[in-house]
Structures are given as structure tokens and as C-alpha cells.
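Subject: Structure handover

Hello,

Here is the structure we talked about. Please open it and keep it beside this message while you read.

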Amino acid sequence: MTAWAQAPQPTPPPPVRNSVLQLQQTPKYATNLALPTMADDTFLGQDKPGPYILTWRNFQSGGGNPVQIFVDGKLLGAGMYNLDVEKGELLFQNPIKRAQLVRVRYGYYLGIATKNPNATPAAPLTVSLAALGIANLSMTALPTADANGPRMVLNLGSKSQLLGGGFSSQLNFAPDAGGQGITDGVAADKLGVKLGYAAGNAKNGLDLGFLRSGKQFASSVGKGLGFGEAVQNMSLAGRMTPMQWLGFNVGRTEIRDLNGKGATEAQSLGFRLGGTKGTPVANLLRNTESKTDAKGLLTETVTEGGDFAGKLGGANLVAKRNETTTTGPNKKESSALQENLGFNLNAKGAPTLNLNRVEDSKTDITGFKTGSQVEKGDLAGKLGGIAFNAKTNKSRVATDIKNVKQVTQVYQEAYNFAYAPKNQPNVSVSRNNDFTINPAGVRVGSGSDKAEFASKFKTGKFSVADLVARTQKVLTSTPDKKQVEVETQTLGLNYTGAKPGVPTVQLARIGEERTDASGITKTESEILGFKNQLGPLSLDVKSTSADLVTTDKKNFDIEQQSYTLGYGDGKKQPKFGFFRAEDERKQEGKDWFGAVASRYDVAHQVGSANFVYQLQQNTQVTADQKETDTDLATLQVRLANGPKRPALAFTRTADEKTDALAKKTEVVVNKTELTSKLGAADAVVRTTQAETNTPDPKTTGVAQETALSLAAVGGAKGTGASITVTTGQSATGAATEQKQGVGVKLQPSPKVTLSAEQKDQVITPFMPDGKTGTVKNITSLTTGAELMPMPGTKLTGAFQSTEDGTTRVGANNYGAALGTEKSAFQFTGNLKDRFALGSATPNVAANLDTANAKLALRPFAGFQVMGAYTLNPEDPAKQNQINPLTRREYGLAANLGAIQLGGTYAMNEYNAKHPEAVKAGAATFGEYQVNLGMRFSRYTNLNGTYKNTFFYGAGPKGLQVYTFGLTHNVGSTMNLTMGGSMTSNLAIASGAQRNEYKAEAKLGVKF
């Protein structure tokens, strides 16, 4: 049990400093019950709220037995602490400092209360005995757990001025330091001595110190008086600044363990040169440390180093060096070296130069050296109208793997020159190299060279032309020692009209040559684009002609064209549209193959009637001259409702496909929808008729369906009811089918929704001999309920069952949702309990249960932690298909100002016999994804994603996907989207075939 603080009581008598003292008294509220024994626990704080352990536990509290708690003599009130009576533990609301004295007064009954074996040490009690001139004599009582009571320590301390400095001394003597009342033994082992001397200031001064804590003194009373283990420690620290530009410091420390565990000696010497205003500064140091262990073996460590920093005009130089050498008992040496050299030139109006070299290396006792070296440099500036930038980064890393030196080298270079005068042509040249030489000597990475010429000039009063010429060469080296070289030349001209009626023309020529292990692939492309608007008439034409030569010396001609023609707006005048796209390819000496797509659009509105007609025609021819034709015609007629007229909509689609064997399949669908008002209710009638003609007479037939829906809203807000009746039939060469159904939905209050639906289906199959087969009657029933007892809370339940006379399958669904997308806590959970009855061979999948739960925590705005668990999920692409797996997912999302950071980690485990598990060679697979977005302004967003899917125990299988995207909105009328992705399939052994690259750019305009 836990008792909270009692109300403040009258101020008690002065606190008793001896924590081992117990008092008894008769309170004013005494009854005929025996008085409890009173206890006073006194102890010092420990810079924490607690818990502090009292001497007794399971003591009396409350009623006639109040507990009084004082801090520095001040009685604490209710709510400032928490007292656990059963455990005898005290926890304060705020931390209690080490200098604060706590007193707890309470009563207990012997035989009921028991002592805590690990009670908080009581505070020592010090009594001044005499003042002896500059020294003070006192005695301290330290509480102990033995039966001899507190241990007494004599203290002699002083503070005085000596030779211009301050001298302090503290002598402690514990006669019975051995315990059990024993006072004999060596006096030095019972002494605790502290001597200190300090003179001068931070620039010129001297500090001396001596500490000795005897073996018996340290083990019994040393910690309670601020002494540590049984050691003898001497220290010296001196500093001197004879001149402003010169300073030095010296130090020595000796620590000896009095229990014979070893000793340590350390010396330090440091110099400072310079450092006055406008002058460089240099620091030199040397540290020596010697350690002797319990066996007398010596280990010595010497550290030498220094640093230099100076500035001359616009130049800055920084140099640091630090070397540590360690000599072991066997006289073998090991060393570590850190060096840093930096140079910076940043004069106003002049190019900037930065150079930096960093070395961090280690040499073991065998002379084996490992570490890293990094050299960086960059130069940037402008000479006349030419801007230039050069960066280089070279690093070398040596590691020790199984006593074998592994060296990895990284080279990064970037050079860029640009000439961009105002209103004149622009020229830029760049070179980039980024590659790594692995320990096996294989070079991996890529390098590119690029040159570009761009010019913009007016060609008339209302037009502007852009000319771009670009050449680029990219060389990529893969870990399998293969190289891929891609060289591209681009020449483009864009003619843009700045006034309606002036066309826009695009001309481009692109040549690409790709060289890899299989040979050379060449592609030459010519691109033509034309776009114009003349009143209600618009025209957009694009044409691409390409010659492709593959690595096996085969030639292909590629012709791609697209035409878009539009006229009218569809309201005041009819709207006509035509689109045609052709993608035709031809191998030398063979017939054309490819695809042709055409679309015709007609739209017009007359009063409240709207007419739309569209015809799509697609032809695809494969390389072996097999042709597939597809025609899709759509007619829509819509009549808007009026005060006394219902709304009517009619749609007819005709989809005709002819395959490579000249077999034709035709599907014609007619849909009609009538919407009207019946008093306060809305009535909707839908009819659908689908006629299918295929080469297979068994799948040819007609299907019809009619649905009537009636919905009425009650008088109270949020209440209502609806009923839907459906009926339909279909007949094919294989069977006839009749179906009907009725559904009811009731909402008696805004927080309760009830629903029920029943469907009946009769299927009569036709046998091969023309006779009818066994008639199958299928009945399904679905009921559901939804309850929202409070805002942000939803409970759902549903029951579904289907019978065909021999078997019965169904499921019970339960769901709960707490919280919303904006609340600090959100939980959603669902359970689908399936069953299958009556089947001679049990359907395992039909009896699997599906469960999922998701928890999201948002402790503050812009931050979310998520966890989810899923068991046997349903496949969203395949009805009634259940995946026998377990999925655990964790996620994190944070919006840090303009930065959006997020990530998910998921682990999936299949049934070991599942086909996907057998195919992958492992039942467990996982995936993790990291998202990073940056908002530069309200119009521009940059985002990137890395996703990795992997299989456990299946070797190198999985996918790694990198995506990058940039979105820029120009007001509310135009947006530009650019992006790309790289997919690496680890299951492909060849590095050249493993990666797939995609890139796209979109320009959207809102009229």
C-alpha cells in the first residue's frame, strides 16, 4: 500500500541529529492502545528525488500516527512527497541536494515492522571540540550497521595564508577504524590526510596537493568523509606567463594504491608561443604516464603534439599533430598518430582556395599500420566573365581483417567552367569523377564529361528561340570488372511564340553510343514538335525518327508520331477531337512492327442534354507479324433533372477485339439510370444489359440486371432509412443464372447504423449432351451494425454467410477505432473469424482468421510513432485470396520545419509451404523504407526515398529502389514535376543487368 503525505502538523521539537536515536512519547491524542515506538531517520540528499530507504518498513501511518518529514528543518506539506509504508521508501517531488538534511519521524510496532537491510546511510554528526588558533578540533560520529553504534573520527582542520597563497589541511583519525571496537593496529592505516596549497591566478600560479587515505580508514569511514579508496596521491601544477607571447605550464601527479594494486605517475609540460593580437599562436605539449600493476610490470605512454594557427591577410593556416606511443612490459611499442593540416585563402574579390589533410593511423606492436588519410581541396572564383569551380577529395582507408591489411581508396573530382554573360550565349564545361578502388584493386564508380552551349535570341516581335548544343560522356565501372560507356550528343532548337496564333516549334537531334561488355549500341534520333492555337482550333504534332544499331550489328528504324487536333468547346459549339499515335519499328530486310492508336471525340450540349461520343482504335503488330486489333466505342447521353423532370443517363459501350488468329470477341454493355424524387425520398432505378459474343459458344450470352433503391431521411437530424431491391438473369452456352436480392439500411440515430442484405442465386448448368445439369441454389446473408458512442470512437460488427445446399461458409467481423488522424492517440483493430462447414475435404484457407491492429502515437505536432500487426491478410487484387503470413510493421514520421523525415520497417513471415516462400527459398522476408523531403518554399518541394526488400536465408535476393523527385508550382496555373528512380534487383548476378533507371518530367497547365 502507498500512503500520501499527511496534512502539516505543528512544528516539532528541534530535530535529533543522531539517526540511531529512538524516542518514545505520549501524544495528546493517545488512546488505550499501546504507543508505537518512535523512530527518527536522518540522512543527506543524493541530488535525486529518491527513492530513499527508511530504517523500518510496514510501520504505522495515518490517523493517530502521523508521519513528519523535514528538509533542512522545514516541515513538508501534502503532495510534496510520496511515502510507500509497506516498503519503507520515500520519493520526493523534487531532487534533494547533497547539502540538504532530511529528517523523517514516524512510529512503528515491534513484531509488525521489519528493518530494511539496505537503508539509506544516516547523515554524519559533527561536534566542535575546540578552537586551537588557526586550527579547529572536532569529532564526527558516522552511523554503522554493527552493534557497536556509530564510529567516531577525530578531525583537525585549518585554513591559513602562506607565502602569498592559501594553505588548507585536514587530518582525520579513526581509532576504531577496524570495527568491533578494536583500536589497535598501525596508526597510519587509520589516518585520512588532505593538504592543499594554491597561489597566483590563471596565468601565473602554483597548485600543490597531497591526499592519503589509510587502508582501514578508507574501508570504514573514508567515503562518508569525502575520501576515496586506500590511496596516496601527490600532485603539482604550475603555470607562468613571463611575456604576453610566451607561456608554459608543468604538472606532475603520483597515485599509489596502498593495497598493493599498483601505482601511476604522470608528467605534463606545455608551451604557448605567440597569440597576441595579429600574430600566430603555437602550442606544444608533452605528456608522460607510467603505470605499474600489482605484479610490478611497467607500461609507459608518451604523448607529444601541438597545434599552430595563423592568419596573414586573407590566408589562414591551421596545423595539428598528436602522437601517442605506448611501451608495454615486454618493451614492445604501439603508437597512434593524428594529423590535421588546413589552409584557407579568402581575400575579397579574389578566388577562394581551401586545402585540408587529415591522417589518423595506428601501429600495433608488430609494426602493422592501419588508419585513414583524407585530402580535400576546392578552388572557386571568377575571372572576367568566366566562373570556375574545382573540387577534389582523396581518401585512403587501411583496415585489419583477420590479420590481413585491406586498403580501400576513394577518389572524387569535380571541375566546372561557365561563361554566362548577360544577353549573350552561355558556355559551360564540367567533369566529375567518383570512384572507389576496393582491396582487390577493382575500380568501381563513374565519371562524366559534359560540355554545353546555350543561347536565347529573339526572332521577331512576338517570338523567342532557344538553341542548345550538348555533349556528354559517362563511364561506369561495376564490381564485376565491367565497364559501361555512354556518349551522347544533343542539338536542340525551341521556337516559342509569345502571342496567340504564333506557333511553338521544337527541333532536336540526339546521338547516343553505348559500349559495354557485349559490344556497341548506337542510336540516332531526330525530334520534331509543332504546337499552335488559332481561335477554337488547336494542333499539337510530335515526331521522332531514330536509327538503332544493336551490339549484334542489327539495324532498326524507329518512327514515332503523335497528332492531336481539337476544335470547339462543347457548349456554345460542338467539340471535336482527334488523336493518333504511331510507334513503328523495322528491322533491316523485314516488315514493320509496332503499334498504332487512334481516338475520335465528339461532345455537344443542347439545353439540359449532354452528348459525348468516343471511339478508340488500337492496332498492335509483333515482330513475327501477328496482329491484334481493338475497337472501343462509348456513347453517353445525359439529361439533367428539372423541377418536374427526373434525371436520365444512358451509356453504351462496344468493345471489339480481334486476336492474332483472327478470332473476334465483342462485348456490348447498355446502362440506364433514372433518378427522381418521391416525396421526401430519393428513388433510383438502374438497369444493365451486357451481351457477349466470343469464338467459344459456351461463353456467349446475355446478362441483365435491374436495381431499385429508395432512400428517405427522417425528421430528426442524422436519421434515415433506405431499401434496395435487385433482380437479374443471364444465359450463356454453359448455364443460365437467375439472381435477386434485397438490402435494408437503418439509421435510428446519428450514432447507430444497422444494415442487412440477402441474395438468392439459382444456377442451371448445361451438360455436353444438351441436357440440364444439377440445379444449384445459393443463398447469402449479410448483417452489420455500427456504433459511435463518443466522438472519435467507432465499433463495428458484421456477420456474413453463404450456403449452396451442401456447404456453408462465412465470417464474423469485429472492428474498433479510437482516435482520429489529428489526435495524440489512435488505434484501429479488426478481426475476421472465418468458418467453412459441410465440405468433405476441409478448406484450410476458408478457415483462416484475419486480424490486424494499428497504433499511432503523436506526442507533439509534426511527430508520429506507429506500430502495426497483421495476421493472414486478404489479397486486395484477388477476391477471397488469403495470404498465410504474419506481418509486423513499425514507422516513424517527423516534420522538422522545412524537412520531412520518415521511415518504416516491416517483417513478414510466410507459412513455410506457401508457394511464395518456396519460390524465394525463405519463409521470412522484410522491407524498410526511408523518406526524406525538403520544402524550399511554398512552391518548391524536393523528396527522396530509399526502399530495400530482402529475404532471410535466401542469399542475395531482393530489391533496392532509390527515387528522387522535384515539384515546383508556379502559382495555381502551372506545375513542373521531375523525378527519377533506380531499381537494383539483387537476384541478378550480372551487375550490368541488375540496375534499371527511369526518369520523367511533367509540365502541367491549368486553363
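How many salt bridges does a search of the whole structure find? The search finds 36. Please bear in mind that this is a predicted model.

Some background first. Side chains of opposite charge can pair when their charged atoms come close. Now for some examples.

**Salt bridges**

Start with Glu375 and Arg357. They form a salt bridge, and their closest N and O atoms are 3.4 Å apart. The pair links distant parts of the chain. Glu375 is in strand β25, which covers residues 369-383. Arg357 is in strand β24, residues 352-363. The two residues are 18 apart along the chain.

Are these two partners buried or exposed? Neither word fits Glu375, which is partly exposed because its relative accessible area is 36% and the partly exposed range runs from 20% to 50%. Arg357 is partly exposed too, with a relative accessible area of 27%.

Next, look at Lys369 and Glu359. They also form a salt bridge, with 3.8 Å between the closest N and O atoms. Lys369 lies in strand β25 and Glu359 in strand β24, so this pair ties together parts that are ten residues apart in sequence. Lys369 is partly exposed, at 37% relative accessible area. Glu359 is buried, because its value is 7% and buried means under 20%.

A further pair is Asp552 and Lys554. Their side chains meet in a salt bridge, at 3.8 Å from N to O. Asp552 counts as partly exposed, at 44% relative accessibility. Lys554 counts as partly exposed as well, at 37%.

Which residues are joined into one network by salt bridges that share partners? They are Arg321, Glu323, Glu339, Arg357, Glu359, Lys369 and Glu375. You have already met Arg357 and Glu375 as a pair, and Lys369 and Glu359 as another.

**Strands and sheets**

Now turn to residues with lower numbers. There is an open sheet of four strands, in the order β2-β9-β5-β6. The pairing is antiparallel. Which strands are at the edges? They are β2 (37-44) and β6 (74-75), and each pairs on one side only.

Inside that order, take β5 and β9. Strand β5 has residues 68-71, and strand β9 has residues 101-108. They run antiparallel, and four bridges join them. To find one contact, go to Ile69: its bridge partner in β9 is Val104.

Then find β11 (residues 125-132) and β12 (residues 135-142). They pair in the antiparallel sense over seven bridges. Val127 has Met139 in β12 as its bridge partner. The two strands form a hairpin with two residues between them. There, Gly133 takes a positive phi near 70°.

**A nonpolar surface patch**

Last, go to the higher residue numbers. A nonpolar patch of about 890 Å² is on the surface. Among its residues are Leu648, Leu674, Val685, Leu710, Ile723, Val744 and Leu754.

Which strands each supply at least two residues of this patch? They are β41 (664-678), β43 (701-713), β44 (720-732) and β45 (735-749). Strand β45 gives the most, with three residues.

Pick out Ile723 as an example. Its place is in strand β44. Ile723 counts as partly exposed, at 36% relative accessibility.

One more point will help as you look at the strands. In a regular strand the side chains alternate between the two faces of the sheet.

Best wishes

Methods. Residues are numbered from 1 along each chain as its sequence is written. This is a predicted model: local features need pLDDT of at least 70, side-chain atom pairs count only at pLDDT 80 or more; totals for chains, interfaces and linings use all residues. Side-chain values use heavy atoms; hydrogens and water are left out. Patches are made of residues with over 30% relative accessible area and no salt bridge: like charges are joined within 9 Å, nonpolar side chains (Val, Leu, Ile, Met, Phe, Trp, Tyr) within 5 Å. Accessible areas come from the Shrake-Rupley method with a 1.4 Å probe; for residues, only the protein chains shown count as cover. A salt bridge is a side-chain nitrogen of Lys or Arg within 4 Å of a carboxyl oxygen of Asp or Glu. Buried means under 20% relative accessible area, exposed over 50%, partly exposed in between (1.4 Å probe, protein chains only). Two strands pair if DSSP finds at least two bridges between them.
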